[in-house]
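Colleague: I would like to learn how to read the features of a model like this one. Could we go through them one at a time?

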Amino acid sequence: MRATGRATVRLAVPEVERLLDPAQAAVTGRVVLDHAPVLEPVLAALAEPEVAVRVVVARRDLLVEHRVHATPDVAAVLVTGHEPQEGAVEEVELTGLHPAAVPALLAGLVDLGPHRRGRDGAPADPDVVRDLFSPDDLLRTSALQLAGADSAWSVEVLAVGQEPRVLSGVDGSAGLALLLDGDDGRPAWVPSTSTDVFRTFTTVYA
C-alpha cells in the first residue's frame, strides 16, 4: 500500500480483497487512513454502497476488473492498473469521485470512443459470450475473433431495492455492438453508438 496523492492510495490485490471483506475491512481501512485520512468517506461508501458497479474489460492480452461503490455523496473507485511486463505487480488505485463523474469514468474504463462506421447485427452465441471474459488467453482471443471484436466489456450494476442490471458490449474496427435481445427474443449483438452507450451509463443511479 502506498499513497500517490492526498486522496489516492495504491493497493495490492490482497489488500483490496481485505477491504471488500466485511470481516477484515476495518483493520485494512485503518491502514488506508494512515496513508490518506481524507479517504474516510470513500471507505464508508466502499463498505455500505447504495449502488455497486463492477466493470470487466477483456482484450487479447488483458482481463481486468474495476469497481465503483457509491452513495449519493461520494463514489469509491477501485481501478486496476495493467502492467504488460512479465512478473509486474498488479496494483489497484483507490480514490473518490463525485457520483456525477461516474458515467465519464465508465466511458474511460471501457475505452468508449467515436466510430467511423456502423456494425452489422448478428446472433450472439452464449458460449462465445462466456469465453469473451475467460481468464484463459486462448479462449478469450478465440471468442473475440468469433465476435469480430478487439475488446469486450461488461458493466454490472447492483442497486439497493432494484434488480441487477448488466450491459455488455464488443468494440473494434468493425464498430460497437451491445448484447441485447434480438427481434426473435434471442441474444444478439445489436449495433450501437458511443453516444447511446454513454447515455445508458448516465442511468446507473436511476
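**Reading the packing**

Modeller: This is a predicted model. The structure holds one aromatic pair.

Colleague: Which residues form the aromatic pair, and is it stacked or edge-to-face?

Modeller: Look at the ring centres and the angle between the planes; planes over 60 degrees apart count as edge-to-face. Here the centres of the W153 and F201 rings are 5.9 Å apart and the planes stand at 65°, so the pair is edge-to-face. W153 belongs to strand β8 and F201 to helix α7 (residues 194-201), so the pair ties together parts 48 residues apart in sequence.

Colleague: Are W153 and F201 buried or exposed?

Modeller: Both W153 and F201 are buried.

Colleague: Next, helices. Which residues of α6 are buried, and why do they line one face?

Modeller: An α-helix has 3.6 residues a turn, so residues three or four places apart point the same way. In helix α6 (residues 137-146), the buried residues are R140, T141, A143 and L144. Viewed down the axis of α6, these buried residues fall within an arc of 165°, so they line one face of the helix. The face turned away from that buried side carries the exposed residues L138, Q145 and L146.

Colleague: What do the buried residues of α6 pack against?

Modeller: They pack against β3 (51-59), β4 (62-70), α5 (126-131) and β8 (151-159).

Colleague: What is found at the ends of α6?

Modeller: At the N-terminal end, D136 acts as a cap, with a side-chain oxygen 2.9 Å from the backbone nitrogen of L138. After α6 comes G148, which has a positive phi, near 60°.

Colleague: How many residues of α4 are buried?

Modeller: Six of the eight residues of helix α4 (residues 102-109) are buried, and the helix is mostly covered. The buried residues are V102, P103, L105, L106, A107 and L109. They pack against β3, β4, β5 (75-80), β6 (91-97) and α7. D111 follows α4 and has a positive phi, near 60°.

Colleague: Now strands. Why is β3 described as largely enclosed?

Modeller: In a regular strand the side chains alternate between the two faces of the sheet. For β3, seven of the nine residues are buried, so the strand is largely enclosed by the rest of the structure.

Colleague: Which strands pair with β3, and in what sense?

Modeller: β3 and β4 run antiparallel and are joined by nine bridges. A hairpin of two residues connects β3 to β4, and V57 stands opposite V64 in β4. β3 also pairs with β8 in the antiparallel sense, over nine bridges. There, R59 has S151 of β8 as its bridge partner.

Technical notes: Residues numbered from 1 in each chain as written. Predicted model: local features only at pLDDT ≥ 70, side-chain atom pairs only at ≥ 80, totals over all residues. Heavy atoms only, no water. Buried < 20%, exposed > 50% of the residue type's maximum accessible area, 1.4 Å probe, protein only. Helix = DSSP H or I, 4+ residues; strand = E, 2+ residues; numbered from the N terminus. Arc of directions from axis to C-beta. Contact = heavy atoms within 4.5 Å. Polar contact = N/O pair within 3.5 Å; in protein donor to acceptor, adjacent residues only side chain to side chain. Phe/Tyr/Trp six-rings, centres within 6.5 Å; stacked < 30°, edge-to-face > 60°. Pairing = 2+ DSSP bridges.
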